[in-house]
Amino acid sequence: MTITLENDYLKIAVKSKGAELCSVVRKDSQMEYMWSGDPAVWGKTSPILFPIVGTLKDDTYSYGNERYKLSRHGFARDAEFEIVKQEKQEAVFLLKNSADSFKIYPFAFELFIKYLVESDELKVSYEVRNAGTNIMYFSLGAHPAFKVPLTEATVYKDYFLEFNSIEDAGRWPINKEGLIAKVSLPFFNNSSRIDLSHELFEKDALVFKDIHSHKVSLKTDRDTHGLDFYFNGFSYLGLWAAKGGDFVCIEPWCGIADSVDHNQQFTEKEGVQTLPANDGWVREWKIRPY
(Lines give C-alpha, C1' and ligand atoms only; values in the text may rest on other atoms or scores of the structure.)
Protein backbone atom coordinates (compact mmCIF):
# COMPACT_ATOMS: atom_id res chain seq x y z
CA MET A 1 0.00 0.00 0.00
CA THR A 2 1.23 3.50 -0.88
CA ILE A 3 -0.10 6.66 0.72
CA THR A 4 0.39 10.29 -0.28
CA LEU A 5 0.83 13.43 1.81
CA GLU A 6 0.78 16.96 0.48
CA ASN A 7 0.49 20.65 1.15
CA ASP A 8 0.81 23.73 -1.06
CA TYR A 9 4.52 23.06 -1.67
CA LEU A 10 5.20 19.31 -1.62
CA LYS A 11 3.62 16.00 -2.47
CA ILE A 12 5.23 12.83 -1.12
CA ALA A 13 4.51 9.10 -1.31
CA VAL A 14 5.35 6.41 1.25
CA LYS A 15 4.95 2.64 1.01
CA SER A 16 3.63 0.68 3.97
CA LYS A 17 6.24 -1.99 3.25
CA GLY A 18 9.32 -0.77 5.06
CA ALA A 19 7.56 2.57 5.72
CA GLU A 20 9.67 3.56 2.73
CA LEU A 21 9.64 7.05 1.24
CA CYS A 22 9.40 6.66 -2.53
CA SER A 23 8.54 10.09 -3.95
CA VAL A 24 9.13 13.75 -3.13
CA VAL A 25 7.73 16.21 -5.69
CA ARG A 26 7.91 19.97 -5.42
CA LYS A 27 4.61 21.23 -6.80
CA ASP A 28 5.71 24.51 -8.38
CA SER A 29 8.23 22.76 -10.64
CA GLN A 30 6.67 19.27 -10.67
CA MET A 31 10.21 18.01 -10.09
CA GLU A 32 10.81 14.56 -8.57
CA TYR A 33 13.69 14.41 -6.07
CA MET A 34 13.72 10.69 -5.21
CA TRP A 35 15.47 7.86 -7.06
CA SER A 36 13.07 5.72 -9.11
CA GLY A 37 13.96 2.42 -7.42
CA ASP A 38 14.86 0.70 -10.69
CA PRO A 39 15.32 -2.97 -9.63
CA ALA A 40 17.91 -3.50 -12.38
CA VAL A 41 20.21 -1.13 -10.48
CA TRP A 42 18.94 -0.91 -6.89
CA GLY A 43 15.33 -1.62 -6.04
CA LYS A 44 15.08 0.49 -2.88
CA THR A 45 14.43 4.21 -2.48
CA SER A 46 14.74 4.97 1.25
CA PRO A 47 15.05 1.87 3.44
CA ILE A 48 14.97 2.05 7.24
CA LEU A 49 18.05 0.45 8.80
CA PHE A 50 16.95 -1.29 12.03
CA PRO A 51 17.90 -2.93 14.38
CA ILE A 52 21.40 -2.83 12.88
CA VAL A 53 23.21 -0.56 10.45
CA GLY A 54 25.48 -2.26 7.93
CA THR A 55 26.88 -5.76 8.19
CA LEU A 56 27.53 -7.99 11.19
CA LYS A 57 30.69 -10.08 11.21
CA ASP A 58 29.59 -13.40 9.69
CA ASP A 59 26.03 -11.98 9.83
CA THR A 60 26.04 -13.12 13.46
CA TYR A 61 25.93 -11.53 16.91
CA SER A 62 25.86 -12.80 20.47
CA TYR A 63 23.55 -11.61 23.23
CA GLY A 64 23.38 -13.32 26.59
CA ASN A 65 24.17 -16.95 25.99
CA GLU A 66 22.63 -17.05 22.52
CA ARG A 67 23.85 -16.41 18.99
CA TYR A 68 21.62 -14.83 16.36
CA LYS A 69 21.73 -14.41 12.59
CA LEU A 70 20.77 -11.03 11.16
CA SER A 71 21.32 -9.90 7.59
CA ARG A 72 22.74 -6.56 6.50
CA HIS A 73 20.80 -3.50 7.71
CA GLY A 74 18.31 -5.62 9.66
CA PHE A 75 14.70 -6.55 8.97
CA ALA A 76 12.63 -3.34 9.20
CA ARG A 77 13.22 -2.36 5.58
CA ASP A 78 11.39 -5.49 4.37
CA ALA A 79 8.63 -5.55 7.00
CA GLU A 80 5.03 -4.47 6.55
CA PHE A 81 4.31 -1.49 8.80
CA GLU A 82 0.93 -0.63 10.29
CA ILE A 83 -0.42 2.84 9.44
CA VAL A 84 -1.48 4.25 12.79
CA LYS A 85 -2.11 7.83 11.67
CA GLN A 86 -2.92 9.29 8.28
CA GLU A 87 -3.85 12.90 7.66
CA LYS A 88 -3.35 15.19 4.68
CA GLN A 89 0.10 16.35 5.77
CA GLU A 90 1.20 13.69 8.27
CA ALA A 91 1.41 9.92 8.57
CA VAL A 92 2.78 7.60 11.24
CA PHE A 93 3.84 4.00 10.63
CA LEU A 94 4.41 1.35 13.30
CA LEU A 95 6.40 -1.88 13.44
CA LYS A 96 6.27 -4.10 16.53
CA ASN A 97 8.16 -7.18 17.61
CA SER A 98 6.69 -10.51 16.55
CA ALA A 99 7.27 -14.22 17.01
CA ASP A 100 9.46 -14.13 13.90
CA SER A 101 11.47 -11.09 15.03
CA PHE A 102 12.24 -12.71 18.40
CA LYS A 103 14.04 -15.51 16.53
CA ILE A 104 16.63 -13.05 15.21
CA TYR A 105 16.34 -10.10 17.61
CA PRO A 106 15.43 -10.88 21.25
CA PHE A 107 13.90 -7.54 22.24
CA ALA A 108 10.34 -6.28 22.54
CA PHE A 109 10.06 -2.98 20.69
CA GLU A 110 7.87 -0.47 18.91
CA LEU A 111 9.31 1.46 15.97
CA PHE A 112 7.36 4.52 14.83
CA ILE A 113 8.22 6.34 11.58
CA LYS A 114 6.58 9.75 11.12
CA TYR A 115 6.42 11.74 7.88
CA LEU A 116 5.33 15.38 8.03
CA VAL A 117 5.18 17.92 5.23
CA GLU A 118 5.47 21.38 6.73
CA SER A 119 5.81 24.41 4.48
CA ASP A 120 8.46 23.47 1.87
CA GLU A 121 10.14 20.82 4.07
CA LEU A 122 9.66 17.11 4.67
CA LYS A 123 10.43 15.96 8.21
CA VAL A 124 11.12 12.28 8.90
CA SER A 125 11.34 11.13 12.50
CA TYR A 126 12.06 7.78 14.13
CA GLU A 127 10.86 6.83 17.58
CA VAL A 128 11.99 3.58 19.20
CA ARG A 129 10.23 2.38 22.35
CA ASN A 130 11.49 -0.40 24.58
CA ALA A 131 8.44 -2.56 25.24
CA GLY A 132 10.39 -5.12 27.26
CA THR A 133 11.74 -5.37 30.80
CA ASN A 134 15.47 -5.40 30.00
CA ILE A 135 17.79 -2.83 28.45
CA MET A 136 17.29 -2.82 24.69
CA TYR A 137 20.23 -2.64 22.29
CA PHE A 138 19.78 -1.43 18.72
CA SER A 139 21.09 0.73 15.91
CA LEU A 140 19.09 2.78 13.44
CA GLY A 141 19.91 4.59 10.23
CA ALA A 142 18.33 6.37 7.28
CA HIS A 143 19.14 5.55 3.64
CA PRO A 144 17.26 7.96 1.31
CA ALA A 145 18.32 7.97 -2.35
CA PHE A 146 18.05 11.29 -4.18
CA LYS A 147 17.83 11.57 -7.93
CA VAL A 148 20.98 12.75 -9.74
CA PRO A 149 20.84 14.46 -12.17
CA LEU A 150 17.69 16.36 -11.27
CA THR A 151 17.20 17.89 -14.73
CA GLU A 152 17.73 16.65 -18.28
CA ALA A 153 20.09 19.54 -18.96
CA THR A 154 22.61 18.27 -16.37
CA VAL A 155 24.66 15.11 -15.84
CA TYR A 156 25.83 13.26 -12.74
CA LYS A 157 29.26 14.87 -12.61
CA ASP A 158 27.74 18.35 -12.59
CA TYR A 159 26.59 17.82 -8.99
CA PHE A 160 28.33 18.13 -5.65
CA LEU A 161 27.59 17.82 -1.95
CA GLU A 162 28.29 20.90 0.15
CA PHE A 163 28.52 20.65 3.95
CA ASN A 164 27.77 23.57 6.25
CA SER A 165 31.09 23.20 8.12
CA ILE A 166 34.67 22.73 7.02
CA GLU A 167 35.46 19.04 7.45
CA ASP A 168 38.68 17.11 7.98
CA ALA A 169 37.24 13.64 8.59
CA GLY A 170 38.77 10.56 7.08
CA ARG A 171 36.89 7.84 5.22
CA TRP A 172 36.53 4.42 6.86
CA PRO A 173 36.94 1.74 4.17
CA ILE A 174 34.56 -1.21 3.90
CA ASN A 175 36.03 -4.60 3.00
CA LYS A 176 34.41 -7.16 0.67
CA GLU A 177 32.58 -8.71 3.63
CA GLY A 178 31.01 -5.34 4.47
CA LEU A 179 33.11 -4.76 7.60
CA ILE A 180 34.77 -1.51 8.65
CA ALA A 181 38.55 -1.22 8.48
CA LYS A 182 40.60 -0.52 11.61
CA VAL A 183 42.25 2.58 10.11
CA SER A 184 40.71 5.49 8.23
CA LEU A 185 42.02 7.04 5.03
CA PRO A 186 42.38 10.80 4.46
CA PHE A 187 39.43 12.32 2.65
CA PHE A 188 38.09 15.83 3.31
CA ASN A 189 41.38 17.66 3.97
CA ASN A 190 39.79 20.86 5.34
CA SER A 191 37.06 21.22 2.75
CA SER A 192 33.28 21.30 2.70
CA ARG A 193 32.61 19.92 -0.78
CA ILE A 194 32.47 16.49 -2.42
CA ASP A 195 32.22 16.42 -6.21
CA LEU A 196 30.02 13.55 -7.31
CA SER A 197 31.06 10.88 -9.77
CA HIS A 198 30.15 7.24 -10.24
CA GLU A 199 33.78 6.32 -9.60
CA LEU A 200 33.51 7.81 -6.09
CA PHE A 201 31.52 4.78 -4.91
CA GLU A 202 33.40 2.00 -6.72
CA LYS A 203 34.64 0.64 -3.37
CA ASP A 204 31.25 0.80 -1.62
CA ALA A 205 29.95 3.60 0.58
CA LEU A 206 31.95 6.49 1.94
CA VAL A 207 31.70 6.14 5.72
CA PHE A 208 32.52 8.99 8.13
CA LYS A 209 32.66 8.98 11.92
CA ASP A 210 33.65 12.55 12.70
CA ILE A 211 31.41 14.89 10.70
CA HIS A 212 30.85 18.29 12.33
CA SER A 213 28.14 19.47 9.94
CA HIS A 214 24.42 19.15 10.56
CA LYS A 215 23.46 20.09 7.00
CA VAL A 216 24.54 18.94 3.55
CA SER A 217 23.22 20.28 0.26
CA LEU A 218 22.97 18.61 -3.13
CA LYS A 219 23.83 21.26 -5.71
CA THR A 220 25.01 22.00 -9.21
CA ASP A 221 26.46 25.19 -10.66
CA ARG A 222 24.57 24.54 -13.89
CA ASP A 223 21.06 24.76 -12.46
CA THR A 224 19.14 26.33 -9.57
CA HIS A 225 17.52 23.10 -8.40
CA GLY A 226 18.86 21.08 -5.48
CA LEU A 227 18.04 20.15 -1.92
CA ASP A 228 19.14 20.82 1.66
CA PHE A 229 19.40 17.82 3.97
CA TYR A 230 19.42 18.47 7.74
CA PHE A 231 20.52 15.86 10.26
CA ASN A 232 21.13 16.22 14.00
CA GLY A 233 22.02 13.66 16.64
CA PHE A 234 23.48 11.07 14.27
CA SER A 235 26.99 9.83 15.06
CA TYR A 236 27.89 8.54 11.60
CA LEU A 237 27.27 9.44 7.98
CA GLY A 238 27.33 7.27 4.89
CA LEU A 239 27.26 8.35 1.24
CA TRP A 240 26.59 5.79 -1.46
CA ALA A 241 25.34 5.01 -4.95
CA ALA A 242 24.98 1.68 -6.70
CA LYS A 243 27.13 1.02 -9.75
CA GLY A 244 25.66 3.04 -12.59
CA GLY A 245 22.87 4.37 -10.38
CA ASP A 246 21.66 7.89 -11.10
CA PHE A 247 21.26 8.79 -7.44
CA VAL A 248 23.16 9.53 -4.27
CA CYS A 249 22.20 8.22 -0.84
CA ILE A 250 22.72 10.54 2.13
CA GLU A 251 22.66 8.28 5.18
CA PRO A 252 22.75 9.55 8.76
CA TRP A 253 23.28 6.65 11.17
CA CYS A 254 23.14 5.91 14.88
CA GLY A 255 25.23 2.77 14.51
CA ILE A 256 27.73 1.32 12.08
CA ALA A 257 28.81 -2.00 10.57
CA ASP A 258 31.03 -4.29 12.62
CA SER A 259 34.75 -3.67 12.45
CA VAL A 260 36.97 -6.39 11.02
CA ASP A 261 38.12 -7.41 14.51
CA HIS A 262 34.81 -7.13 16.39
CA ASN A 263 34.11 -9.80 19.01
CA GLN A 264 30.45 -10.08 17.86
CA GLN A 265 29.08 -9.20 21.31
CA PHE A 266 25.99 -7.10 20.60
CA THR A 267 26.31 -5.05 23.79
CA GLU A 268 29.87 -4.09 22.79
CA LYS A 269 29.06 -3.17 19.20
CA GLU A 270 30.35 0.25 18.11
CA GLY A 271 27.60 2.83 17.99
CA VAL A 272 24.97 0.57 19.58
CA GLN A 273 22.17 2.49 21.30
CA THR A 274 20.94 1.47 24.77
CA LEU A 275 17.36 2.06 25.85
CA PRO A 276 15.99 1.30 29.35
CA ALA A 277 12.69 -0.54 29.79
CA ASN A 278 9.60 1.55 29.03
CA ASP A 279 11.75 4.36 27.64
CA GLY A 280 11.83 6.03 24.22
CA TRP A 281 14.43 7.31 21.75
CA VAL A 282 13.88 9.83 18.93
CA ARG A 283 15.87 11.12 15.96
CA GLU A 284 14.87 13.25 12.98
CA TRP A 285 16.11 14.40 9.60
CA LYS A 286 14.50 16.74 7.13
CA ILE A 287 14.88 17.90 3.54
CA ARG A 288 14.07 21.11 1.74
CA PRO A 289 13.98 20.57 -2.03
CA TYR A 290 14.25 23.65 -4.22
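The radius of gyration used here is taken over C-alpha atoms, and the globule rule is 2.2 Å times the number of residues to the power 0.38. The model is predicted.

**Exercise 1. Overall form**

Task: Compare the radius of gyration of the protein chain with the value for a compact globule.

Solution:
- Start with the rule. For 290 residues, a compact globule would have a radius of gyration near 19 Å.
- Now take the chain. The protein chain has 19 Å, so the two agree.
- Add the extents. The C-alpha trace spans about 60 × 45 × 35 Å along its principal axes.
- Add burial. Of the 290 residues, 56% count as buried.
- Add the surface. The accessible surface comes to about 12800 Å², and carbon and sulfur atoms hold 44% of it.
- Finish with contacts. Among contacts with a separation of 6 or more, 65% join residues 24 or more positions apart.

**Exercise 2. An open sheet**

Task: Determine which strands stand at the edges of the four-stranded open sheet, and what follows for them.

Solution:
- Count the elements. The protein chain has one helix and 22 strands.
- Read the order. The open sheet runs β1-β2-β3-β4, with antiparallel pairing.
- Take the ends. β1 (2-6) and β4 (31-32) each have a single partner strand, so one side of each is left without a neighbour in the sheet.
- Recall how strands join. Strands of a sheet pair through backbone hydrogen bonds.
- Check the β4 end. Strand β3 (residues 20-26) pairs with β4 in the antiparallel sense over two bridges.
- Place a residue. V25 stands opposite E32 in β4.

**Exercise 3. A hairpin**

Task: Describe the pairing of β5 and β6, and find the residue with a positive phi in their hairpin.

Solution:
- Set the strands. β5 covers residues 60-63 and β6 covers residues 66-69.
- Give the pairing. β5 and β6 are antiparallel, joined over four bridges.
- Name a bridge. S62 has R67 in β6 as its bridge partner.
- Look at the turn. Two residues lie between the strands, and G64 takes a positive phi near 65°.

**Exercise 4. Rings and charges**

Task: Locate the aromatic cluster, then find charged groups that sit over rings.

Solution:
- Begin with the total. The whole structure contains 27 aromatic pairs.
- Build the cluster. F50, Y61, Y63, Y68, F75, Y105, F107, F109, Y137, F138, F266 and W281 form one aromatic cluster.
- Turn to arginine. The charged end of R193 sits over the ring of F160, 3.7 Å from its centre.
- Turn to lysine. K286 lies over the face of Y230, at 5.1 Å from the ring centre.
- Apply the cut-off. A charge must be within 6 Å of the ring centre.

Methods
Residues are numbered from 1 along each chain as its sequence is written. This is a predicted model: local features need pLDDT of at least 70, side-chain atom pairs count only at pLDDT 80 or more; totals for chains, interfaces and linings use all residues. Side-chain values use heavy atoms; hydrogens and water are left out. Two strands pair if DSSP finds at least two bridges between them. Rings of Phe, Tyr and Trp (its six-membered ring) pair if their centres lie within 6.5 Å; planes under 30 degrees apart count as stacked, over 60 as edge-to-face and the rest as tilted. A charge sits over a ring if NZ of Lys or CZ of Arg is within 6 Å of the ring centre and within 35 degrees of the ring normal. Buried means under 20% relative accessible area, exposed over 50%, partly exposed in between (1.4 Å probe, protein chains only). Contact means heavy atoms within 4.5 Å. Accessible areas come from the Shrake-Rupley method with a 1.4 Å probe; for residues, only the protein chains shown count as cover.
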